[in-house]
Amino acid sequence: MTIQKQKDRLQVDQKLPTMPWYVQQFIEYKLPDLSPSTLLEYIRDYEIFFGWLIQEGISTGPDIHSVTLEQLESLRMEQVTAYRIYLTTYKEQKNSRITLSRKLSSLRSLFHYLSQIAEDENFYPLLKRNIMAKIEIKRVHKPKDTAAKLKGKLLEEDELFDFVDYVRTGYAADVSDNKQALYAHEHNAIRDAAIVSLILNSGLRVSEVVNLNMDDVDMNNRMLYVSRKGNQDETFKTPVYFRERAKEDIQAYLELRAARYPTPKREKAFFLAIKNGEKEGKRMTKRAMQAMIIKYAKVFGKPSLTVHKLRHSFATDYYLQNDIYKTKEQLGHASTETTEIYAHLTDKTMSEAIDR
């Protein structure tokens with residue numbers, strides 16, 4: 001189990017006792033099929049919903065643990081509508097349509113389980129009436145829409161090489177008058193270039209890069225063993241290839257890793273960082289990796305570039321040379337529907353090809 005999954009599982013175990021008994025039963029039912037991160041999102045969504053029921057006086061109990069099945073069963077359509085409005089207004093930074101859809105989907109999953117799967121001692125459904133079955137959740141995350149938002153924000157063609165070179169050497173010239181930034185770059189430039197090059201030549205997710213261990217990297221075969229998103233078998237790692245052009249950057253990092261980021265023997269992480277005031281290296285965090293990419297991207301002149309957009313940049317480039325099924329496998333998508341994004345991103349290239 002990865003470090004992040006361990007943290008999420010711990011939070012699930014801490015929060016679950018505060019939930020009503022039937023939610024605890026639902027989470028245990030889903031435990032073999034969903035990742036700790038997804039289960040934690042479910043519980044957070046239910047905290048908001050049950051808190052709203054108490055706030056509105058629909059549930060009269062003292063806390064969310066006391067919300068009853070009868071109170072869920074007697075919900076009216078206008079109350080559900082009111083809750084949907086609440087979701088768009090309860091935070092200063094309102095929930096996006098995608099977030100709103102996900103929160104409602106969490107409730108639908110719970111209500112479906114209670115009304116269609118779970119049974120009482122007499123073999124009757126725990127929930128006799130499912131108000132959430134009447135709620136239509138429109139699909140808001142269409143590949144074509146996602147592609148439209150990404151256009152102009154990714155690295156294209158020679159920019160993929162240029163950005164790696166910039167991280168390795170070019171950034172120093174732009175921050176030459178900032179001693180602190182220059183020192184940090186001198187210390188970490190080879191590592192940072194290896195991370196950028198790896199993502200741009202494999203399409204790994206940032207979590208997959210963070211969770212890489214030393215024995216997950218096979219330099220001879222240009223292969224990585226990765227814990228893919230959604231894979232419930234914690235012992236299995238998917239083999240993922242990286243391009244030849246990343247090999248030199250990764251090798252350069254490996255040659256200085258031990259000397260520049262000394263670690264205790266128990267530390268298995270591939271990419272390391274040393275925090276201010278500390279002497280030993282530790283696994284680089286997801287947040288640190290994201291901040292690192294944003295730092296370089298701003299000065300490079302691509303302020304909208306993020307670590308996830310590096311993955312999109314690779315995928316767009318890869319799709320131009322391969323079919324949708326190979327792209328799906330390389331990226332670890334659950335279905336080709338997600339991979340369709342890159343078909344829309346390459347529309348211009350496709351139209352030029354048919355003219356030729």
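Trainee: Which residues does T18 touch, not counting residues up to four places away in sequence?

Mentor: T18 touches I64 and H65 once those sequence neighbours are set aside. Keep in mind that this is a predicted model. T18 sits in the loop between helix 1 (3–15) and helix 2 (21–30). The C-alpha atoms of T18 and S66 are separated by 9.2 Å, with their positions 48 residues apart along the chain.

Trainee: Is T18 buried, exposed or partly exposed, and at what relative accessible area?

Mentor: T18 is partly exposed, with a relative accessible area of 37%. For the chain as a whole, 42% of the 356 residues count as buried.

Trainee: What does the chain contain in terms of helices and strands?

Mentor: The chain has 16 helices and five strands. Among contacts with a separation of 6 or more, 61% join residues that are 24 or more positions apart.

Trainee: How should I read the packing of two helices, taking helix 9 and helix 11 as the case?

Mentor: Two numbers describe a packed pair: the angle between the axes and the distance between them. Helix 9 (residues 179–200) and helix 11 (residues 244–260) pack at an angle of about 145°, and their axes are 8 Å apart. The crossing of helix 9 past helix 11 is left-handed. On the helix 9 side, the contact is made by E186, H187, I190, R191, A193, A194, S197 and L198. Helix 11 contributes R245, A246, D249, I250, A252, Y253, L256 and R260.

Trainee: How many residues of each class are in the contact of helix 9 with helix 11?

Mentor: There are nine nonpolar, two polar and five charged residues in that contact.

Trainee: Which residues touch the most other members of the largest nonpolar core?

Mentor: They are F271, M289 and L310, in a core of 45 residues. Helix 8 (159–174), helix 9, helix 10 (206–210), strand 2 (223–226), helix 11, helix 12 (286–300) and helix 13 (307–319) each supply at least two residues of this core. Helix 9 gives the largest share, eight residues.

Trainee: What does F271 touch, not counting residues up to four places away in sequence?

Mentor: The partners of F271 include R191, A194 and L198, which also belong to the helix 9 side of the contact with helix 11. Y253 is another partner of F271, and Y253 is one of the helix 11 residues in that contact. The remaining partners of F271 include I195, V209, L212, K282, R283, M284 and M289. Apart from the largest core lies another core, of 38 residues, among them Y46, F50, V80 and Y113.

Trainee: Which order do the strands take in the open sheet of three strands?

Mentor: The order is 1-2-3, and the pairing is antiparallel. Strand 1 (217–218) and strand 3 (238–241) are at the edges with a single partner strand each, so one side of each has no neighbour in the sheet. Strand 1 pairs with strand 2 over two bridges, and strand 2 pairs with strand 3 over four bridges. As individual positions, D218 stands opposite M223 in strand 2, while the bridge partner of L224 is V240 in strand 3.

Trainee: Where in the chain does R222 lie, and what is its phi?

Mentor: Start with the background: most residues other than glycine have a negative phi. R222 has a positive phi near 50° in the hairpin of strand 1 and strand 2, where four residues lie between the strands. R222 counts as partly exposed, at 27% relative accessibility.

Trainee: What is the phi of F123?

Mentor: F123 has a positive phi of about 70°, although F123 is not a glycine. The residue is in the loop between helix 6 (97–117) and helix 7 (143–150). F123 is exposed, with a relative accessible area of 64%.

Trainee: As a last loop, which residues is E280 in contact with, leaving aside its neighbours within four places in sequence?

Mentor: E280 is in contact with P262, P264, A273 and I274. E280 is placed in the loop between strand 4 (272–273) and strand 5 (282–283). The C-alpha atoms of E280 and P264 are separated by 7.3 Å, and the two residues are 16 residues apart along the chain. At 42% relative accessibility, E280 counts as partly exposed.

Note on methods: Residues numbered from 1 in each chain as written. Predicted model: local features only at pLDDT ≥ 70, side-chain atom pairs only at ≥ 80, totals over all residues. Heavy atoms only, no water. Axes fitted to C-alpha atoms, helices over the stretch in contact; angles between N-to-C directions. Left-handed = near helix turned anticlockwise from the far one by under 90°. Contact = heavy atoms within 4.5 Å. Nonpolar A, V, L, I, M, F, W, Y, C, P; charged D, E, K, R; others polar. Core = buried A, V, L, I, M, F, W, Y, C linked by side-chain atoms within 4.5 Å. Buried < 20%, exposed > 50% of the residue type's maximum accessible area, 1.4 Å probe, protein only. Pairing = 2+ DSSP bridges.
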